[in-house]
Amino acid sequence: LSKPDGHYIFLGAPGSGKGTQSLNLKKTHCYCHLSTGDLLREAAEKKNELGDKIRGIINEGKLVDNETVLSLVDEKLKSPQCKKGFILDGYPRNVKQAEDLNKLLETNKMKLDGVFYFNVPDETLFERINGRLIHKPSGRIYHKIYNPPKVPNRDDITNEPLTQRVDDNENVLKKRLKIYKSETEPLINYYKKLNLLVNLDGTEPAVDIEKKISQHISH
Ligand code: AP5
């Protein structure tokens, strides 16, 4: 396995392929995969006040407050697993979070090596989200058409049932997309100005996107 150090952000709309590529890269490069969506969904499972609050926000397609997300990222970044390199999947999601991240990286004596932007048109996003299936215990991601499991509705490895995320429906996706455009899209220019942006055509087959990311990382 090649293991270059590297600190990367995966930026893109809901359903643009960030999670799929993070899981691939985690396997080939041993990076720590830090998905704020996964961390928040885990917190939302807890039957306490914070869990209830986060669950409500995710199910409505809104963003969880910056402080809560920052504390989750802060804790994870300090873990030994993340020292070699990480992929931030779904963080930052607005300019304030980007600034919080800058401070956090400085404190931990880390620097960003690149921001991969997954460019995918809206109509494709709807198709992807409508057909997405997940294996909750492992986080493995499938698609009914584009990445179907070997046995319908069953995980390839464990044969356990696959499920749909509660926020994966057309109504909530519309809200998630609206917030993405107003809050997250400005980060494209933010990182372009810092010379960190790497544009990816997110409509290409997943294997081709994986090759492009790997080539970039190995340079
Ligand atoms: P989060 O879990 O981060 O969701 P998201 O950003 O909306 O992204 P998704 O996970 O939906 O999509 P993805 O880009 O990973 O696509 P995937 O690879 O699965 O966030 C969920 C919620 O948590 C937010 O709404 C918010 O409430 C909260 N949250 C999270 N982070 C936060 C933050 N920083 N601040 C505040 N709140 C936060 O692919 C999608 C489908 O397409 C799959 O079925 C896959 O098989 C298929 N596919 C992937 N690539 C391809 C390809 N190249 N060709 C064909 N099909 C493909």
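This briefing walks through the ligand site and the enclosed space in the structure above. The model is a predicted one, and its ligand is surrounded by 36 residues. A search of the whole structure also turns up one cavity of 30 Å³ or more.

**Around the ligand**

- Among the 36 residues that surround the ligand, the closest are Thr-20, Lys-62, Arg-93, Arg-132 and Tyr-142.
- By character, the shell around the ligand holds 15 nonpolar, 11 polar and 10 charged residues.
- Helices α1 (18–29), α2 (36–45), α6 (122–131) and α9 (206–218), along with strand β6 (140–143), each bring at least two residues to this shell.
- The most comes from α2, which gives four residues to the shell around the ligand.

**Contacts with the ligand**

- A nitrogen atom of the ligand lies 3.0 Å from a backbone N or O atom of Gly-90.
- Tyr-142 has a polar backbone atom 2.8 Å from an oxygen atom of the ligand.
- Arg-165 uses its side chain instead, with an N or O atom there 2.9 Å from an oxygen atom of the ligand.
- Taken alone, the ligand exposes 1,000 Å², and the protein buries 95% of that.

**The cavity**

- The largest cavity has a volume of about 50 Å³.
- Its lining is made up of Phe-10, Leu-11, Gly-12, Lys-18, Gly-90, Tyr-91, Pro-92, Arg-93, Tyr-180 and Thr-184.
- Five of these lining residues are nonpolar, three are polar and two are charged.
- Strand β1 (6–12) and helix α7 (170–184) each supply at least two residues of the lining, and the largest share, three residues, comes from β1.

Definitions and conventions: Residues are numbered from 1 along each chain as its sequence is written. This is a predicted model: local features need pLDDT of at least 70, side-chain atom pairs count only at pLDDT 80 or more; totals for chains, interfaces and linings use all residues. Side-chain values use heavy atoms; hydrogens and water are left out. On a 1 Å grid over the protein atoms alone, a cavity is a set of points where a 1.4 Å probe fits but cannot get out, and a pocket is an open set with protein on both sides within 12 Å along at least five of seven lines; lining residues have an atom within 4 Å of a point. Grid points are joined across faces, edges and corners, and a volume is the space filled by probe spheres set on the points. Ala, Val, Leu, Ile, Met, Phe, Trp, Tyr, Cys and Pro count as nonpolar, Asp, Glu, Lys and Arg as charged, and the others, Gly among them, as polar. A residue is near a molecule or strand if one of its heavy atoms lies within 4 Å of it. A polar contact is a pair of N or O atoms within 3.5 Å; within protein, one must be able to donate a hydrogen and the other to accept it, and residues adjacent in sequence count only if both atoms are side-chain atoms. Accessible areas come from the Shrake-Rupley method with a 1.4 Å probe; for residues, only the protein chains shown count as cover.
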